Amino acid sequence: MIKYINLLATFASAKIQFSSDPVNKGIVIKTTGSWHTVKDDSDHINCRLKGNFRMRGIKTTNPIAVGDSVIYEKSGTHTGIITRILERKNYIIRRATNLAKETQIMAANIDQVLLMITLESPETPLEFVDRFLVSAEAYRIPSILVINKIDLYQVEKMERCAEIRMIYESAGYRVIEISVEEQLNIAGLSDQLEGKYTAIAGNSGVGKTSLINLLCPGLNLKTAPISEYHLSGKHTTTYPEMLELPSGGYIIDTPGIRGFGVMDINRNEIGLYFTDIFNLSANCRFYNCTHIHEPGCAVIDACLKGILHESRYRSYVKLISGEESKYRIA
Ligand code: GDP
Ligand code: ZN
């Protein structure tokens with residue numbers, strides 16, 4: 001097992017059953033500890049949880065998260081009691097500390113992750129991108145790569161942009177170049193978000209808050225130099241919120257996946273989650289090729305021929321060799 005960064009999601013099999021009959025169904029769009037805002041059609045119901053919820057298989061500090069689909073009973077015009085959490089398609093968790101066993105569920109049932117990167121101010125290392133994508137892939141959450149701040153880029157950086165697009169499109173990802181500042185290609189991005197639950201991620205300063213403000217006018221999140229949530233504190237209480245897009249769909253602003261946790265993954269599975277490497281590996285001589293030293297390796301061959309970009313291969317080798325990334329953000 002090696003350690004590597006970032007978002008943790010798990011296919012949850014948590015089923016919490018209560019005796020009461022389903023009365024109303026809604027989605028949790030905000031939680032602040034003991035109160036949860038449940039959206040049911042256009043209504044917002046303030047709910048508490050019934051009794052003592054216990055999740056099977058996962059120790060969490062919070063039993064419920066934004067994105068959860070719930071059954072509730074009304075206790076007043078705009079208040080209610082959540083009696084059941086419906087089965088989760090996936091969820092993102094983070095650990096309070098690297099060593100802590102207890103986790104906090106940040107969001108459930110997300111359709112995709114938007115990973116925002118920039119080529120300058122700040123420069124996002126591709127190794128960071130690769131680690132992120134592998135992690136999302138491991139839990140079958142589709143990712144969209146968004147390159148922001150293209151208004152800043154001169155010729156050289158625009159060429160780099162094209163190169164990055166090529167690398168990640170070859171790996172099967174959608175790549176969208178935008179400028180939040182100059183509002184370039186925001187419509188193209190919005191199309192991808194319509195009707196979906198999208199979690200937004202990326203290192204500090206890339207423009208996530210600015211994008212959210214642009215997409216959700218009237219919200220006015222602070223774009224100040226936010227002190228990123230850090231993993232050192234125990235039981236940090238950060239409550240992610242689902243922000244409704246005027247065009248339909250939600251942005252899930254999860255501080256926990258803006259920064260990164262650490263997860264364990266089986267080393268021999270890493271090759272499965274580099275989609276481009278995985279596809280190439282069909283032609284390796286050995287079925288259990290690690291693409292490091294074996295003869296007849298189609299991955300190494302593709303890398304030598306420039307078909308597989310060396311940055312992808314380098315990230316793969318680092319992950320498989322268990323080398324710690326200096327780009328881990330905490
Ligand atoms: P976050 O940490 O990812 O939430 O980043 P912020 O949204 O707080 O943005 C960090 C800085 O980048 C702010 O000063 C923004 O005004 C600036 N910024 C955001 N988007 C763009 C853009 O498209 N172009 C330029 N030039 N600056 C941007
Ligand atoms: Zn191979």
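In this predicted model, a polar side-chain atom of Ser179 lies 3.3 Å from an oxygen atom of ligand 1. Asn148 also reaches the ligand through its side chain, where an N or O atom is 3.1 Å from a ligand oxygen. Lys208 takes part with its backbone instead: an N or O atom there sits 2.8 Å from an oxygen of ligand 1. Taken alone, the ligand exposes 580 Å², and the protein buries 80% of that area.

Looking at the wider surroundings, 17 residues surround ligand 1, and the closest are Asp151, Gly205, Lys208, Thr209 and Ser210. Helix α4 (residues 208–215) supplies the largest share of this shell, with three residues. Sorted by class, the shell holds nine polar, four charged and four nonpolar residues.

Elsewhere in the chain, strand β4 (residues 36–40) makes a good second stop. Five of its five residues are buried, so the strand is largely enclosed by the rest of the structure. Both faces are covered, with His36, Val38 and Asp40 buried on one side and Thr37 and Lys39 buried on the other.

Strand β4 has a partner in β3 (residues 24–31), with which it pairs in the antiparallel sense over four bridges. Here His36 stands opposite Thr31. The β3–β4 hairpin has four residues between its strands, and Gly33 adopts a positive phi near 100°.

Strand β5 (residues 43–49) also pairs with β4, again antiparallel, over five bridges. In this pairing His36 faces Cys47 of β5. Two residues lie between the strands of the β4–β5 hairpin, where Asp41 takes a positive phi near 50°.

Conventions. Residues numbered from 1 in each chain as written. Chains lettered and ligands numbered in written order. Predicted model: local features only at pLDDT ≥ 70, side-chain atom pairs only at ≥ 80, totals over all residues. Heavy atoms only, no water. Near = heavy atom within 4 Å. Polar contact = N/O pair within 3.5 Å; in protein donor to acceptor, adjacent residues only side chain to side chain. Areas by Shrake-Rupley, 256 points an atom, 1.4 Å probe, with all protein chains shown as cover. Nonpolar A, V, L, I, M, F, W, Y, C, P; charged D, E, K, R; others polar. Buried < 20%, exposed > 50% of the residue type's maximum accessible area, 1.4 Å probe, protein only. Pairing = 2+ DSSP bridges.
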